[in-house]
Every structure is written in C-alpha cells, then in structure tokens.
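I opened this notebook to keep track of what I looked up in one model, entry by entry. I wanted each value written down beside the residue it belongs to.

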Amino acid sequence: MIRKDLNTHLFGPGPKRILALDGGGIRGILTLQLLRRIETIIRDRADDDSIVLADYFDLIGGTSTGAIIASALALGWSVDRIEALYDELGNSIFQSSFFRKGLLRPKFSAKPVKEALEREYGDIRLGGSELQTGLAVVAKRLDTGSPWIIHNNPKGRYFGGVPEVNYTPNKDYLLRDVVRASTAAPTYFEPEKISVADDMEGAFVDGGVSPHNNPALQLLMLATLKGHKLCWPTGADQLMIVSLGTGSKALKLDSEEVMGMKAVELGVRGLSSLMDDASALNELMLQWMSSSVTAHKIDSEIGDLSGDNLCGDPLLTYLRYDADFDETWLKELGLNEEQIESITEMDRAENMDALIKVGQAVAEKIEGSHFNANFDIE
C-alpha cells in the first residue's frame, strides 16, 4: 500500500474520515479496545496487516486521555504500541500520597507523564513531518477562559507566522507540551504553560473543562467551517465521523440524598453533570444531522431521531461507540462489587483489567458492515 502524506489526507480528493476520542483518564484503556477492533476491520478490508489507523483517518482528534491516543495514532503507532505505553503510564502516573489530596495541591505529580511524553515524542513539533495525518488536540486556556483546538492544518490561520505579529506559530508548539496541556485535569495535575507569544505564556488545563470532552462536534466544525480552511465536502457518502467514548454511567440518586448534600458536594456533582450534558448535546446534534446505524435513544420523548434530520439530507455518516456502565451488565461480565462501584473513576489504575474486559465486550458490537465501503482505503 502507498501511504498518503499529510497534504493528501487534508486536501486530497475523495471521502474524508474523522476519528474523535473522548477524555476520561485511565478509562482511555477501554477506548483502545474499540480502536483495536476498528484497526482489525480496516486491515481485513484492505487485506493488509501493516495498515495503521493513520492510514485510514484523515483527521484524528482527542481530549485529555483521548489526546494522548490521538497524537500517537497520528504518528502512525499501532494500537498495541499505544496500549503498552498506557499500561506503563497507568501504573506510574496515578500514584498519590497522603500529602496530595487535590485540595491545596494537585493529587498527582505531572512528572511521570512529562517524562513519558518527552521520551516518546522528543522534540517533535505540531508542524513536524512525523505526523502522518491530521491531528487536533483540545485544551482549555484557563487564563483567558477559552477552549483551544490546536491542530496541524498548514492552512490554519495560526499555524504559521504572520508578519508583524509576535505570536508563536502553532507549527512550532512541541507535541509533548500540547498533549500534556490537554491532560492537565484541575485538582489531578498542575496546569501546563505554553509560550503563545514572544512575551506571553498561556496557562492550559484539561480540554475536558470545556464543552468538548467529547470532541466530535468540534472536529466536524474544524473540518467544514470556512475559517478553518479545510472545507471538506459534506454528505453521508463524503464525510464520516467515528466517535469513541470512555464509558458512562447514568446518575441515580434519591431526591432526599440530594437535598441533604453539603454545598461542596453539590458543586462537584453540578460540574460533573454539566460535562455530561455537554457530551450528550454533542451526541444529539450529531445524530440529528447524520446517517447513523449506531444511533441510540436520546430520551423517551424524541427517541433516536431516526425520523428527524436537521438539514433534510444527512451531512455525514456518524458512528458512536461507548460503554454503558450498567451494574447488571457489569456483573454479567464478571466484575466484582468494588470494580463496579469504582469503574467510573478516572484515576484508578487497578481497574485497568476490568476496563479492558468492558472495552472488549463493547468492541464485539462493532461490525464491519457499519463502515460503508465508500470510505475504504483505495
């Protein structure tokens, strides 16, 4: 197979494919099981075991833990190689201590992830030729309150330098710094500073502290809005988004329990609920404007939107895969009570084996027929 270069991925003819990866801390190991299944499907369709996901997808984007995976995939890594790194990171990063409770100082040291990213990515920059396909990383610049979608589109407004403007071109950002910024979850890790101009540093935190912990809708805008200068064509046979989650669990609380909560717990639960709502809205919007064989029931009033389409004709093909941490189902998979109780935690490295089992069960539901032959590698 002749591999496409970045320019062909971004600006060449033919249908375009986008891969969007949610944030979720250690639960990213679940996402990797879904990716391995997709990698296998694509290799089987092309009858070529050397194919990696960077050969198939023209834009890969992620938030937080999804940014780690997305960047490695864009470098041409196989899923097996990324999982080996995850196994190392999970057991080295999430080591807290009595003095780190996430209140006065971050719960975990950022040193292990910094060292791992520096070792694996070295001095690769966002504009480096090492990136084999389009890459977008979601981070939140907290000193200005603005989400940043940092990408390697060479036609992007801030990718290269502009005469008489002193900002740092995005192409010069170190990949390791961009990914580290996207993973700097408040209370878990300290923020990441990036030089954004000759005389200015931005303070970045986890991209999940924005509406884009699920980055799929933002990636659609990156691919199609004129200002971003990719301007990919739309249509169910022209544009596909594959969106992968890290697992979710429906909140079920007794009303009296809520009424009796302390203010600080209400605040934490409120923030968590807001993030869930943003992700749900992203999924609703994408189902509303797409053709999707994986469409799920939004709620009992509007169903799965199969009779609705925002624009008359679908703007894209949309595939969404995620795990519902339903207690009954998790018991059927063989998880014990402690694992079921803690499965949603983003920093519980001891749950990796359980998350792998859950991810493999979800991966079995990903069928080759979901991937329209129109999007096959030529």
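The entries below go through a cavity, aromatic rings, two helices, backbone angles and a few distances.

**Entry on the model.** I note at the outset that I am working from a predicted model, and that the residue numbers I use run from 1 along the chain as its sequence is written.

**Entry on the cavity.** I asked how many cavities of 30 Å³ or more a search of the whole structure finds. The search gives 1, and I wrote down a volume of about 30 Å³ for the largest cavity. I then listed its lining, which consists of Leu-10, Leu-59, Gly-134, Leu-135, His-151, Asn-152, Asn-153, Leu-222 and Leu-230. Sorting these lining residues by character, I have 5 nonpolar and 4 polar residues, with no charged residue in the lining.

**Entry on aromatic pairs.** I searched the whole structure for aromatic pairs and recorded 4. One of them joins Tyr-56 and Phe-57, with 4.9 Å from centre to centre and 85° between the planes, and this pair is edge-to-face. I checked the exposure of these two residues and found that both Tyr-56 and Phe-57 are buried. For Trp-148 and Phe-204, I noted ring centres 5.0 Å apart and planes at 75°; since an angle over 60 degrees counts as edge-to-face, this pair is also described as edge-to-face.

I next asked which elements hold Trp-148 and Phe-204. Trp-148 lies in strand β4, residues 146-151, while Phe-204 lies in strand β6, residues 200-206, so the pair ties together parts that are 56 residues apart in sequence. Phe-204 has a relative accessibility of 0%, and I therefore entered it as buried.

**Entry on charges over rings.** I came back to Tyr-56 from the other side, because I wanted its neighbours on record: the charged end of Arg-17 sits over the ring of Tyr-56, 5.1 Å from its centre. I added a second case, in which Arg-81 lies over the face of Trp-77, at 3.8 Å from the ring centre.

**Entry on helix α4.** I asked how many residues of helix α4, residues 65-74, are buried. The count is 10 of the 10, so I described α4 as largely enclosed by the rest of the structure. The buried residues of α4 include Thr-65, Ile-68, Ile-69, Ser-71 and Leu-73. Just after α4, I marked Gly-76, which takes a positive phi of about 95°.

**Entry on helix α13.** Helix α13 covers residues 352-363, has 12 residues and reaches 16 Å from its first C-alpha to its last, which is close to the 16 Å expected at 1.5 Å a residue. Of its 12 residues, 9 are buried, and so I described α13 as largely enclosed by the rest of the structure. Among the buried residues of α13 I listed Met-352, Leu-355, Ile-356, Val-358 and Val-362.

**Entry on backbone angles.** I kept in mind that most residues other than glycine have a negative phi. Lys-229, which is not glycine, has a positive phi near 70°, and I placed Lys-229 in the loop between α8 (216-224) and β7 (239-244). With a relative accessible area of 43%, Lys-229 is partly exposed. Cys-231 also has a positive phi, of about 55°, although it is not a glycine, and its place is in the loop between α8 and β7. I recorded Cys-231 as partly exposed, with a relative accessible area of 42%.

**Entry on distances.** I looked up Ser-146 in strand β4, and noted that Ser-146 is partly exposed at 23% relative accessible area. Its C-alpha atom and that of Asp-5, 141 residues apart along the chain, are separated by 31 Å. Asp-172 is in the loop between β4 and α7 (175-182), and it is partly exposed at 31%. How far apart are the C-alpha atoms of Asp-172 and Ser-255? I wrote down 51 Å for this pair, whose residues are 83 apart along the chain. Finally, I located Glu-115 in helix α6, residues 111-121, where Glu-115 is partly exposed at 45%. The C-alpha atoms of Glu-115 and Glu-192, 77 residues apart along the chain, are separated by 14 Å.

Methods. Predicted model: local features only at pLDDT ≥ 70, side-chain atom pairs only at ≥ 80, totals over all residues. Heavy atoms only, no water. 1 Å grid on protein atoms, 1.4 Å probe; cavity = no way out; pocket = protein on both sides within 12 Å on 5 of 7 lines; lining within 4 Å. Points joined across faces, edges and corners; volume = space filled by probe spheres on them. Nonpolar A, V, L, I, M, F, W, Y, C, P; charged D, E, K, R; others polar. Phe/Tyr/Trp six-rings, centres within 6.5 Å; stacked < 30°, edge-to-face > 60°. Buried < 20%, exposed > 50% of the residue type's maximum accessible area, 1.4 Å probe, protein only. Helix = DSSP H or I, 4+ residues; strand = E, 2+ residues; numbered from the N terminus. Lys NZ or Arg CZ within 6 Å of the ring centre and 35° of its normal. Expected span 1.5 Å × (residues − 1).
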